[in-house]
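Trainee: I would like a close look at one part of this model. Please take me through the salt bridges, one by one.

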Amino acid sequence: MALYSYNGPVLEFDKIVSNHWQAQTYATSEAKARSNLTFQFKTKYGKAPRTKITLPGKIVLEGDEQG
């Protein structure tokens, strides 16, 4: 698995709810990392599971975890 990080805006139903949010996750792909980060945001801020959260910024691959 690889470590991915996000540092950027967050949209809720296409409206900005955070100008600058930072988080990291381990995932097997960038798509899975985006999904994990969206879930993290919803959990941290008490959003309903069906809330449309979008991370329009770039997800950065920080490195691979060996082992």
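Mentor: Lysine 52 is a useful place to begin: at a relative accessible area of 41%, lysine 52 is partly exposed. In this predicted model, lysine 52 forms a salt bridge with aspartate 14, and their closest N and O atoms are 3.5 Å apart. Aspartate 14 sits in the loop between S1 and strand S2 (15-27), while lysine 52 sits in the loop between H1 and S3, so the pair ties together parts that are 38 residues apart in sequence. Aspartate 14 is exposed, with a relative accessible area of 54%.

The structure holds three salt bridges. Another one joins lysine 47 to glutamate 12, with 2.9 Å between the closest N and O atoms. Here lysine 47 belongs to the loop between helix H1 (30-44) and strand S3 (53-54), and glutamate 12 belongs to strand S1 (residues 2-12), so this pair ties together parts that are 35 residues apart in sequence. Glutamate 12 counts as buried because its relative accessibility is 18%, and buried means under 20%. Lysine 47 is partly exposed, at 28%.

There is also a salt bridge between the side chains of glutamate 30 and arginine 34, at 3.8 Å from N to O. These two residues are four apart in helix H1, so about one helical turn separates them. Glutamate 30 is partly exposed, with a relative accessible area of 38%, and arginine 34 is partly exposed at 26%.

As for the setting, the protein chain has one helix and four strands, in the order β-β-α-β-β along the sequence.

Notes: Residues are numbered from 1 along each chain as its sequence is written. This is a predicted model: local features need pLDDT of at least 70, side-chain atom pairs count only at pLDDT 80 or more; totals for chains, interfaces and linings use all residues. Side-chain values use heavy atoms; hydrogens and water are left out. A salt bridge is a side-chain nitrogen of Lys or Arg within 4 Å of a carboxyl oxygen of Asp or Glu. Buried means under 20% relative accessible area, exposed over 50%, partly exposed in between (1.4 Å probe, protein chains only).
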